[in-house]
Amino acid sequence: MTKPKTNRTSMDVTALKQGILEHLVYTLGQIPEVASKHCYYKAVGLAVRDRLQHHWNNTTQTYIAEARIKNRVKMVCYFSAEFLIGPQLGSSLINLGIEKDVRAAVAELGFNLDELLEQEEEPGLGNGGLGRLAACYLDSLATLEYPAIGYGIRYEFGIFDQAIDNGWQVEITDKWLLYGNTWEIAKFNTVYYVNFGGYTEKYHDERGALRTRWIPNRAVRGVAYDTPVLGYRVNTCNTLRLWSAEACESFDFQAFNTGDYYQAVNDKVMSETLTKVLYPNDEPEAGKKLRLMQQYFFVSCSLQNMLELLKLAGEPLAHFSDRFAAQLNDTHPSIAVAELMRLLLDEHQLTWDAAWHITFHTFAYTNHTLLPEALETWSLPLFAELLPRHLEIIYEINARFLQEARHRYADDEARIARLSLIDETGSKRIRMAHLACVGSHAINGVAELHSELLKTSVLKDFYALYPERFSNKTNGITPRRFMLLANPKLSDLVTRFIGSDWVTKTDELKKLEAHADNYAFRQEWHAVKRANKQRLADYIHQQTGVKLNPDWLFTIQVKRIHEYKRQHLNVLHIITLYCRLKRNPDLHITPQAFIFGGKAAPSYMMAKRIIKLIHAVAEVINNDPDVNRYLRVAFVPDFNVKNGQLIYPAADLSVQISTAGKEASGTGNMKFTLNGALTVGTLDGANVEIRTEVGEENFFLFGLTEAEVVKTQRAGYCPADYLHTNPQLAEIIELIASGHFSHGNTEVFRPLVDNLCHHDPYLVFADYADYVACQDNITAVWQDTERWTRLSILNTARAGKFSSDRAIREYCRDIWTTRPLPIKPCDETSGCSVIDRSRLWLA
């Protein structure tokens, strides 16, 4: 006889309500009548996690059974220093398909689900596109039913919270774990030791072979914290495994008994510092040291875990690269190449050739930058101090690699020097991107233009040597979070007209093209967009006090603040409009709201001055009655995934104006396009492919191409020439320099003005006139509401390529060579097949 489902797994409203109350009372120790909204949020989250746990256990057990019986499982291991996963409750409800039932259960308890969703803290595990991409890829891997695990760091304090004080960015500690993390489960039995420092010594093993032993002078423990990653409406629930550092011994009784109370807990404090903060300031030497330790710590824990999983599956080391595909998400985890070699050579006693075969076929490397200064390097003395054994291994890898290179380029010592893993120009440094290239069987860029530029710029010598390793894998975004969750009104409208298959098959969005000329459909589309703009306007008013009219053109630029992303070019255009209105108060222009958001690195003063300039211009414009009838400027503080879900659906115009050849790909451009924003942009990063997909006529192009940028700079670019030939630009720069936007203070923006006038490394002045002309054309198109709405529909209809599902299929086919492993539903009444605990891969 079939037993009823338990409250832990049942999806009906009654069981969900009961589960919430039980967690509220028995897990959190709260009295329902007086419990806070935050306590109710946690109770809802725990009840939902119970349902995830059911799928999680079933997935794990299926992977074990398949691995041991059929040897079918090849696990994708995604190594990333960042996972910007965003709030989890909303996405979990969508993936489980229980949002309406949970909303009803919460309503019966006297609460609004939206209010509880607001209680969730943003997990501060990433800085921007790199971490968000990693999170999107985990979502797609689970949705497409590929076995996968994400490996990273459990930062106690993540990317800083951004506050604005008198227009300046102020960094506030991100205490995202202050009230705990509802979604993670600590696995205190999954612990690995990670060593640092010391020295190495040679010895002969029992067979007489010469071996190396590392004698470290410090060790820390890495403890696993696991978060479930459920696919959309499937049974597959993969794992995000983050490592937290602990002391091997947290309390020294001997030191305590002798009265040295500080020393008694010193090891605990020093060890836990390792995973305290995301991206410590690496200007001082101590910051560099901590960053290298972080990177080594998480890859060592992860590789030790993978080796243990292989052993538990009963497979030999020789099968390691057949069972695991490890992707290095940028250069941060590239020390993994040397660490896997160390583990195989020193801990498992393999020969060099056997170890290198496994290592090379395990790793693949994704490059995310065209900026040479962003390719991570470490000073030789620092590396030798922290990782002496790895330095020896890198020397050996380099010697063998350069021997191979010299067979090809015997008389080209300049090329050999460029290829070397050791940069010997000036103080010696280890080139981590070179280590990743040599130790990986596949190397990819993240947009078609980026991948081609890699071959001719920062990695050109490696492409000449190993062209077969290079490919392109254009980035993608998950439509589940960035449309279905972020834009429910538009999602409902789209589903009503073309069905729901688009959520996992975004090519289906092309069916919207047939409705672009439907007047009634355009009216509904326009109404949804306006409602989203009103929602964002309300949020901005609440956060900043700036009032925005949802009937105005919303021009939005939200991304990390950096000179190459050219937020200051956007500001120069705004000041251009300001000057036009001041010269002619009777002038009627298209009303526009310019919305910015993004964080500057704490030590990046030029980027901080750009934020200050945005606020200074906003203060003048928003308080000038001659101007604020047509222009408003707002800066959304603390831009993150959570408020991004309000911003992307509200944009009319997406500003993607980086200097051509500097942006690897970008994913914000994709999020805006998917939600029906038109784009103004350069031919940079994924803009090139977006323009191709949506149609040249539906993309507002301006600016120099990458080739023209290179030609202009080589010809001796002189930004002052543009001031002499463009009186409008000269007027704007003079206004900024004179203190017009800074209460007469001529010093605050002097470094920014001087940089533009004398250096302008990212060609702001060169692209200024074309950008202003392009914006004038945009406002002319905006006047025709029906035309603009039609273009908006076509942008969404043609955004299907930019799904992370497409990207993951390409990685799985071309690089990881793995196949989906569908998880059958588990019988909740009898439970899944029981497997020996010692054999549980991920438990």
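Biologist: Leaving aside its neighbours within four places in sequence, which residues is Glu810 in contact with?
Modeller: Keep in mind that we're looking at a predicted model. Glu810 sits in helix H33, which covers residues 804-816. Once neighbours within four places in sequence are set aside, Glu810 is in contact with Asn472, Lys473 and Ile815.

Biologist: Does Glu810 count as buried or exposed?
Modeller: The cut-off for buried is under 20% relative accessible area. Glu810 comes in at 19% relative accessibility, so it counts as buried.

Biologist: Let's try another glutamate. Which residues does Glu513 touch, not counting those up to four places away in sequence?
Modeller: Glu513 is found in the loop between helix H20 (488-498) and H21. Sequence distance can fool you here: Glu513 and Ile793 are 280 residues apart in sequence, yet 7.2 Å apart in space, C-alpha to C-alpha. Not counting residues up to four places away in sequence, Glu513 touches Leu794, Ala797 and Arg798.

Biologist: On to cysteines. Which cysteine has the sulfur nearest to Cys718?
Modeller: Searching the whole structure gives 0 disulfides. Cys718 is in no disulfide, and the nearest cysteine sulfur is 10 Å away. A disulfide would need the two sulfurs within 2.5 Å. The nearest sulfur to Cys718 belongs to Cys757.

Biologist: Cys39 or Cys718: which one counts as buried?
Modeller: Buried means under 20% relative accessible area. Cys718 has 32% relative accessibility, so it counts as partly exposed. With 16% relative accessibility, the one that counts as buried is Cys39.

Biologist: Now for the empty space. How many cavities of 30 Å³ or more are there?
Modeller: Rolling a probe the size of a water molecule over the atoms shows where empty space is left. The largest cavity holds about 250 Å³ of space, while the second largest holds about 80 Å³. The count of cavities of 30 Å³ or more is 4.

Biologist: Which elements each supply at least two residues of the lining of the largest cavity?
Modeller: The largest cavity has about 250 Å³ of space. Its lining has 17 residues, and Gln88, Ser91, Asp139, Val229 and Arg481 are the closest to its centre. By class, the lining splits into 7 nonpolar, 6 polar and 4 charged residues. The elements that each supply at least two are helix H3 (89-96), helix H6 (129-143), strand E8 (218-230) and helix H19 (479-485).

Biologist: And the second largest cavity: how many polar residues does its lining have?
Modeller: That cavity is lined by 13 residues, with Lys559, Gln656, Ser658, Glu663 and Asn669 nearest its centre. Sorted by class, 2 are nonpolar and 4 are charged, and the number of polar ones is 7.

Biologist: What about the second largest pocket? Where does the largest share of its lining come from?
Modeller: This pocket has about 530 Å³ of space. It is lined by 26 residues, and Ile164, Gly167, His615, Ala618 and Glu619 lie nearest its centre. Helix H21 (519-544), helix H23 (605-622) and strand E19 (631-636) are the elements that give two or more. The largest share, 6 residues, comes from H23.

Biologist: Which residue has its backbone oxygen 2.6 Å from a polar side-chain atom of Thr682?
Modeller: Thr682 is in the loop between strand E21 (678-681) and helix H26 (687-694). With a relative accessible area of 0%, Thr682 is buried. Beyond four places in sequence, its contacts include Arg566, Gln656, Phe699 and Phe702. The backbone oxygen 2.6 Å from a polar atom of its side chain belongs to Ser658.

Biologist: Which residues of helix H12 are buried?
Modeller: An α-helix has 3.6 residues a turn, so residues three or four places apart point the same way. The cover over the buried residues of H12 includes helix H11 (336-347) and helix H14 (388-408). The buried residues of H12 are Trp352, Ala355, Ile358, Thr359, Phe360 and Thr362.

Biologist: Last one: what is the phi of Asp760 near?
Modeller: Asp760 is in the loop between helix H30 (750-758) and helix H31 (764-782). At 1% relative accessibility, it counts as buried. Asp760 isn't a glycine, but its phi is positive, near 45°.

Conventions:
Residues are numbered from 1 along each chain as its sequence is written. This is a predicted model: local features need pLDDT of at least 70, side-chain atom pairs count only at pLDDT 80 or more; totals for chains, interfaces and linings use all residues. Side-chain values use heavy atoms; hydrogens and water are left out. Buried means under 20% relative accessible area, exposed over 50%, partly exposed in between (1.4 Å probe, protein chains only). On a 1 Å grid over the protein atoms alone, a cavity is a set of points where a 1.4 Å probe fits but cannot get out, and a pocket is an open set with protein on both sides within 12 Å along at least five of seven lines; lining residues have an atom within 4 Å of a point. Grid points are joined across faces, edges and corners, and a volume is the space filled by probe spheres set on the points. Helices (H or I, at least four residues) and strands (E, at least two) are DSSP runs, numbered from the N terminus. Ala, Val, Leu, Ile, Met, Phe, Trp, Tyr, Cys and Pro count as nonpolar, Asp, Glu, Lys and Arg as charged, and the others, Gly among them, as polar. A polar contact is a pair of N or O atoms within 3.5 Å; within protein, one must be able to donate a hydrogen and the other to accept it, and residues adjacent in sequence count only if both atoms are side-chain atoms. Contact means heavy atoms within 4.5 Å.
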